Amino acid sequence: MTWEKNVRRVVPYVAGEQPNKTGMVKLNTNECPYPPAPGVKAILQELDREALRLYPDTDAVGLVEALADHYGLEPEQIFVGVGSDDVLAMSYLTFFHSGRPILFPDVTYSFYDVWAKLFGIPYKTCALDENWHIRPKDYVGSNGGVIFPNPNAPTGLAESLDTVEQIVGANRDVVVIVDEAYVDFGAESALPLLKKYDNLLVVQTFSKSRAMAGVRIGFAMGSKKLIRFLKDVKFSFNSYTMNYPAQKLGVEAVKDDAYFRSITQKVMDTRTRAKEEFRRLGFSFPDSMANFLFVTHERIPAAELFTALRKENIYVRHWDKPRIDNYLRITIGTDEEMDKLFTFLKKYLESN
Ligand SMILES: *Cc1c(COP(=O)(O)O)cnc(C)c1O
């Protein structure tokens, strides 16, 4: 058993469960309730066997160019990866190498501390204020880098571009990563700041707003220098991460901007309706700009509601963690799915 003491031991990130039950209402992992752009399905049917026999393009040039075009950047300013989790892990490995602690909020995406521990990067968390907002002054002073989502998860709250700029500007000697997994549901992107700051990395994903969580596409945007360093690390690790079909499908998704706008708008409309319903039922929540709501009930503990919902095959997310253990994170589904949720909640709250 001596080899065991030489093992790299990690406590892994725990993703939300992926049940597959008929009639279930799955509101636990922030997927888009609508299908990807029609062109994505069309391309999928066209893919011939050469798409599988050959190695994919290591630079995913087609996808990178489509993204550069869409966001008004140079192709050299874009890095793509297998979901933004892959992009973020590579970014940790590349940029958080000073030996000083990196900073992120105490209530945030639960992968951040996992990567820090995996790579042996020291970290410090900064408490969100009592309204779940970031306090920019916490991010001033010596550190090894900064990462935060905007909008934040699991609160859904967005910070203003001004707050983001304060943090980026106060940290010119390290890299600041803004994880914009949910930015397409009404928040303001940090993209315009790229013109001014070469230490800013903006990370986005196809998993939520482009309805392609299963395809695994994420990307980072930054200065050419930043992206070059990121590629150097990636190509020292695994050249062929993003498969050929994913590259092709990604291009189709980016090209169809009208469809993209229509599904993100539908999610936002349903979110507005859901906020009213939750309020009526005695829930409160931060004013989410993401495709989920972070709700707490005035009377019934979150853990109890979580269990009751699960019995009904309605899946939401609950964490047994300080500050957030009385909250549920509920993805915005279709109107029909939300109706099922509210019908059940109404009934449950009347009899409990
Ligand atoms: C969902 C999510 C990601 C990762 O998504 P991918 O599917 O890996 O692109 C990253 N950050 C936050 C905050 C998320 O919620």
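User: What does it take for a residue to count as buried?

Analyst: A residue is called buried when its relative accessible area is under 20%. This structure is a predicted model. In it, Val254 has a relative accessibility of 4%, so Val254 counts as buried.

User: Where does Val254 sit, and which residues is Val254 in contact with, leaving aside its neighbours within four places in sequence?

Analyst: Val254 belongs to helix H8, residues 244–255. With those neighbours left aside, Val254 touches Leu63, Ala66, Leu67, His70, Phe206 and Arg210. For one of these, His70, the separation can be given in two ways: 184 residues in sequence, but 7.3 Å in space from C-alpha to C-alpha.

User: Arg210 and Phe206 are both on that list. How far is the charged end of Arg210 from the centre of the Phe206 ring?

Analyst: A charge can sit over the face of an aromatic ring, within 6 Å of the ring centre. Here the charged end of Arg210 sits over the ring of Phe206, 5.5 Å from its centre. Another case is Lys266, which lies over the face of Tyr34 at 4.2 Å from the ring centre.

User: How should I read a pair of aromatic rings?

Analyst: Look at the distance between the ring centres and the angle between the planes; planes over 60 degrees apart count as edge-to-face. A search of the whole structure gives 20 aromatic pairs. One of them joins Phe104 and Tyr112, edge-to-face, with 5.8 Å from centre to centre and 65 degrees between the planes. Phe104 and Tyr112 are both buried. In Phe278 and Phe283 the ring centres are 5.2 Å apart and the planes stand at 80 degrees, so this pair is edge-to-face. Phe278 is buried at 0% relative accessibility, and Phe283 is buried at 5%.

User: Which residues form an aromatic cluster with Phe104 and Tyr112?

Analyst: The cluster consists of Tyr13, Tyr92, Phe96, Phe104, Tyr109, Phe111, Tyr112, Trp115 and Tyr123.

User: Now helices. At what angle do H4 and H7 pack?

Analyst: The angle is taken between the helix axes, and 65 to 115 degrees counts as roughly perpendicular. Helix H4 (residues 83–95) and helix H7 (residues 224–234) pack at about 100 degrees, with axes 9 Å apart. H4 and H7 are therefore roughly perpendicular to each other.

User: Which residues of H4 and H7 meet?

Analyst: From H4 come Met90, Ser91, Leu93, Thr94 and Phe95; from H7 come Leu226, Phe229, Leu230, Val233 and Lys234. The residues of this contact divide into seven nonpolar, two polar and one charged.

Key
Residues numbered from 1 in each chain as written. Predicted model: local features only at pLDDT ≥ 70, side-chain atom pairs only at ≥ 80, totals over all residues. Heavy atoms only, no water. Axes fitted to C-alpha atoms, helices over the stretch in contact; angles between N-to-C directions. Helix = DSSP H or I, 4+ residues; strand = E, 2+ residues; numbered from the N terminus. Parallel < 35°, antiparallel > 145°, perpendicular 65-115°, else oblique. Contact = heavy atoms within 4.5 Å. Nonpolar A, V, L, I, M, F, W, Y, C, P; charged D, E, K, R; others polar. Phe/Tyr/Trp six-rings, centres within 6.5 Å; stacked < 30°, edge-to-face > 60°. Buried < 20%, exposed > 50% of the residue type's maximum accessible area, 1.4 Å probe, protein only. Lys NZ or Arg CZ within 6 Å of the ring centre and 35° of its normal.
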